[in-house]
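The following exercises invite the reader to work through a protein model step by step. Each task is followed by its solution.

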Amino acid sequence: MDFNVMYRSAQPSDRDVIVDFQVAMASETEDVALDREVCTRGVAAVFADPALGRYFVAENDGRVVASLLVTNEWSDWRNGMVWWIQSVYVVPEARGRRVYAGLYEHVKQLAAADDAIRGIRLYVDRRNTRAQEVYTRLGMNGEHYQVFEWMKD
């Protein structure tokens, strides 16, 4: 597969492939079986309400091969928004080809150009060491915070 990748904001027509990616990612990284119907409504909600977040995709020869979701967190310390990268997925045949690095750089450039955006964060499952190595190579660090959560089943 030749990789001539284009990075762009996702469109509502990308919904189904993003849902496929989320179902695959949850299974691969956390051994969780997502309810496809619930996930489809969740992805559609982002397209319906931009305040919830924004998807970005990497496209190779007209095929979406990676996606991520950016959500906002207000930082009173920085008087601006922090973008949280979530729901990262790269199709297996595109892994190791710097597709995520390009997608991250695309998002980082948008953040750098917007004075209201003060930084970028993400969380990663502790067991996903491969992803942690990629994030470290891209200049991110996991030294400051540990994420705790409570979620309804």
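The exercises below begin with the sheet, continue with single residues and end with the core. The model is predicted.

**Exercise 1. The sheet**

Determine the order of the strands in the open sheet, and state which strands lie at its edges.

Solution.
Step 1. The open sheet has 5 strands, and their order is 1-2-3-4-5, with mixed pairing.
Step 2. Strand 1 (5-9) and strand 5 each pair on one side only, and these are the edge strands.
Step 3. On average, neighbouring strands of this sheet are turned by 25° against each other, with direction ignored.

**Exercise 2. Pairing from strand 2 to strand 5**

For the pairs 2 and 3, 3 and 4, and 4 and 5, establish whether the strands run parallel or antiparallel.

Solution.
Step 1. Strand 2 and strand 3 are antiparallel and are joined by 7 bridges. Within this pairing, Ala 58 is opposite Ala 66 of strand 3.
Step 2. Strand 3 and strand 4 also run antiparallel, with 9 bridges between them. Here Asn 72 has Trp 83 in strand 4 as its bridge partner.
Step 3. The hairpin of strand 3 and strand 4 has 4 residues between the strands, and Asn 79 in this hairpin takes a positive phi near 50°.
Step 4. Strand 4 and strand 5 pair in the parallel sense, over 5 bridges. Trp 83 has a bridge partner in strand 5 as well, namely Ile 120.
Step 5. Strand 4, helix 3 and strand 5 together form a β-α-β unit, which is right-handed.

**Exercise 3. Ala 66**

Decide whether Ala 66 is buried or exposed, and list its contacts beyond its neighbours in sequence.

Solution.
Step 1. Ala 66 is located in strand 3.
Step 2. The relative accessibility of Ala 66 is 0%, and therefore Ala 66 counts as buried.
Step 3. With neighbours within four places in sequence left aside, Ala 66 is in contact with Phe 21, Phe 56, Val 57, Ala 58, Tyr 89, Val 90, Val 99 and Leu 103.
Step 4. The C-alpha atoms of Ala 66 and Val 5 are separated by 10 Å, although these residues stand 61 residues apart along the chain.

**Exercise 4. Thr 71 and Gln 86**

Identify the polar contacts that the side chain of Gln 86 makes with the side chains of other residues.

Solution.
Step 1. Gln 86 belongs to strand 4, while Thr 71 belongs to strand 3.
Step 2. The side chains of Gln 86 and Thr 71 make a polar contact of 2.5 Å.
Step 3. A polar contact of 3.4 Å links the side chain of Gln 86 with that of Tyr 123.
Step 4. Beyond four places in sequence, Gln 86 is in contact with Leu 68, Leu 69, Thr 71 and Tyr 123.
Step 5. Thr 71 has a relative accessibility of 13%; since buried means under 20%, Thr 71 counts as buried.
Step 6. On the same basis of sequence separation, Thr 71 touches Leu 52, Gly 53, Val 82, Trp 83, Trp 84 and Gln 86.

**Exercise 5. Gly 119**

Classify the exposure of Gly 119 and describe its surroundings.

Solution.
Step 1. Gly 119 is placed in strand 5 (residues 117-122).
Step 2. The relative accessible area of Gly 119 is 24%; because this value lies between 20% and 50%, Gly 119 is partly exposed.
Step 3. Apart from neighbours within four places in sequence, Gly 119 is in contact with Met 81, Val 82 and Trp 83.
Step 4. Gly 119 and Gly 102 are 17 residues apart along the chain, and their C-alpha atoms are separated by 17 Å.

**Exercise 6. The largest nonpolar core**

State how many residues the largest nonpolar core has, and find which helix or strand gives the most to it.

Solution.
Step 1. The largest nonpolar core has 40 residues. Those with the most contacts inside this core are Leu 68, Ile 85, Val 99, Tyr 100 and Ile 120.
Step 2. Among the elements that give two or more residues to this core are helix 1 (15-30), helix 2 (36-48), strand 3 (63-75) and helix 4 (129-137).
Step 3. The most is given by helix 3, with 7 residues.
Step 4. Ile 85 touches, among others beyond four places in sequence, Leu 68, Tyr 100 and Ile 120.
Step 5. In strand 4, 8 of the 11 residues are buried, and this strand is thus mostly covered.
Step 6. In soluble globular proteins, nonpolar side chains tend to be buried together.

Terms used: Residues numbered from 1 in each chain as written. Predicted model: local features only at pLDDT ≥ 70, side-chain atom pairs only at ≥ 80, totals over all residues. Heavy atoms only, no water. Buried < 20%, exposed > 50% of the residue type's maximum accessible area, 1.4 Å probe, protein only. Contact = heavy atoms within 4.5 Å. Core = buried A, V, L, I, M, F, W, Y, C linked by side-chain atoms within 4.5 Å. Pairing = 2+ DSSP bridges. Axes fitted to C-alpha atoms, helices over the stretch in contact; angles between N-to-C directions. Polar contact = N/O pair within 3.5 Å; in protein donor to acceptor, adjacent residues only side chain to side chain. Right-handed = clockwise from strand over helix to strand, strands pointing away.
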